[in-house]
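Dear colleague,

Please find the structure below, handed over for your records. My findings follow directly after it.

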Amino acid sequence: MTTPNVDPHEIAKFDALASRWWDPEGDFRPLHDINPPRLEWITSRTSLTGGPVLDVGCGGGILSESMARAGAQVTGIDMAGAPLTVARLHALESGIEVNYLESTAEALAATHAGRFRTVTCMEMLEHVPDYPATVAACAELAAPQGDLFFSTINRNPKAYALAIVGAEYVLRLLPRGTHDYDKFIRPHELAAAVRRAGLLVCEIAGLRYNPFSRRATIATDVDVNYLLHARKP
Ligand code: SAH
């Protein structure tokens, strides 16, 4: 690939917010709130201790650290340097070992194809220029029979109302401009990209988040946030 599959404007946004990553009341509050149910969803579908785990677009490491705490040997990759610095410091403070690298999934796939028993790529696909290429790179990185987990935001009027107007403008849960509606991905589009990457779609589930109670639960409705579990044949 000649141009890396990275949007510099997106990376700059995450770099600027990095210091707030681990504030449970701060800009990444929703990620803190959704982490326990998504971690449980993942752990009940793969063996986190069964082989190396890769977290693509790990940011400050909320999911990476929680998987390492569950006994996984985790590599976290991201293209934003500042969140990675925060992630490394936080892991050090927590006494948790995670291997953080500045890399795209595509670049890592050139040297580490087939190495990971589990690959996670959460809340990241809606920030890259070409998400099917990221999905394909994740597929390459996974070992045969490996499990892959993606999550993103659906594209429809309800998702626009809740994920952008509600979260960024009314409730100010997320900084304005965090999400771009056009980059949201419908479940059938993600499923198609997953199949084109040679993976099997195992399950799609919704992730419901109540910003008032701050409760997040796995649900059947995929109208706004959702997760997809895939397996490499
Ligand atoms: N996955 C984490 C963080 C999500 S925020 C979680 O769910 O808790 C999205 C992250 O994707 C940011 O840290 C951003 O820097 C990263 N990102 C965006 N484009 C990327 C790319 N092309 N390659 C790697 N990481 C990328």
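Sorted by class, the residues of the shell around the ligand comprise 11 nonpolar, three polar and three charged ones. Please bear in mind throughout that this is a predicted model.

There are 17 residues around the ligand, and those that come nearest are Asn5, Arg38, Gly57, Asp78 and Met122. Polar contacts can be described for several positions. For Arg38, a polar side-chain atom lies 2.8 Å from an oxygen atom of the ligand. Asn5 contributes through its backbone: an N or O atom there is 3.0 Å from a nitrogen atom of the ligand. Met79 likewise has a polar backbone atom 3.4 Å from a nitrogen atom of the ligand.

How much of the ligand does the protein bury? Taken alone, the ligand exposes 580 Å², and 98% of that is buried by the protein. Two or more residues of the shell around the ligand come from each of helix 1 (8-17) and helix 2 (29-43).

I turn next to the sheet. It is an open sheet formed by eight strands with mixed pairing, and the strand order is 3-2-1-4-5-8-6-7. Which strands stand at the edges? They are strand 3 (98-102) and strand 7 (215-219); each has a single partner strand, so one side of each is left without a neighbour in the sheet. From one strand to the next, the twist averages 20 degrees.

The partner of edge strand 3 can be described in further detail. Strand 2 (residues 74-78) runs parallel to strand 3, and five bridges join the two. One residue links this part of the sheet with the ligand: Asp78 has Glu102 of strand 3 as its bridge partner, and Asp78 is also among the residues that come nearest to the ligand.

Finally, helix 6 (residues 131-141) packs on the sheet, where it touches strand 1 (53-56), strand 4 (116-122) and strand 5 (142-153). The direction of helix 6 makes about 150 degrees with that of strand 5.

With kind regards

Conventions
Residues are numbered from 1 along each chain as its sequence is written. This is a predicted model: local features need pLDDT of at least 70, side-chain atom pairs count only at pLDDT 80 or more; totals for chains, interfaces and linings use all residues. Side-chain values use heavy atoms; hydrogens and water are left out. Two strands pair if DSSP finds at least two bridges between them. Helices (H or I, at least four residues) and strands (E, at least two) are DSSP runs, numbered from the N terminus. Axes are lines fitted to C-alpha atoms, for helices over the stretch in contact, and angles run from 0 to 180 degrees between N-to-C directions. Contact means heavy atoms within 4.5 Å. A residue is near a molecule or strand if one of its heavy atoms lies within 4 Å of it. A polar contact is a pair of N or O atoms within 3.5 Å; within protein, one must be able to donate a hydrogen and the other to accept it, and residues adjacent in sequence count only if both atoms are side-chain atoms. Accessible areas come from the Shrake-Rupley method with a 1.4 Å probe; for residues, only the protein chains shown count as cover. Ala, Val, Leu, Ile, Met, Phe, Trp, Tyr, Cys and Pro count as nonpolar, Asp, Glu, Lys and Arg as charged, and the others, Gly among them, as polar.
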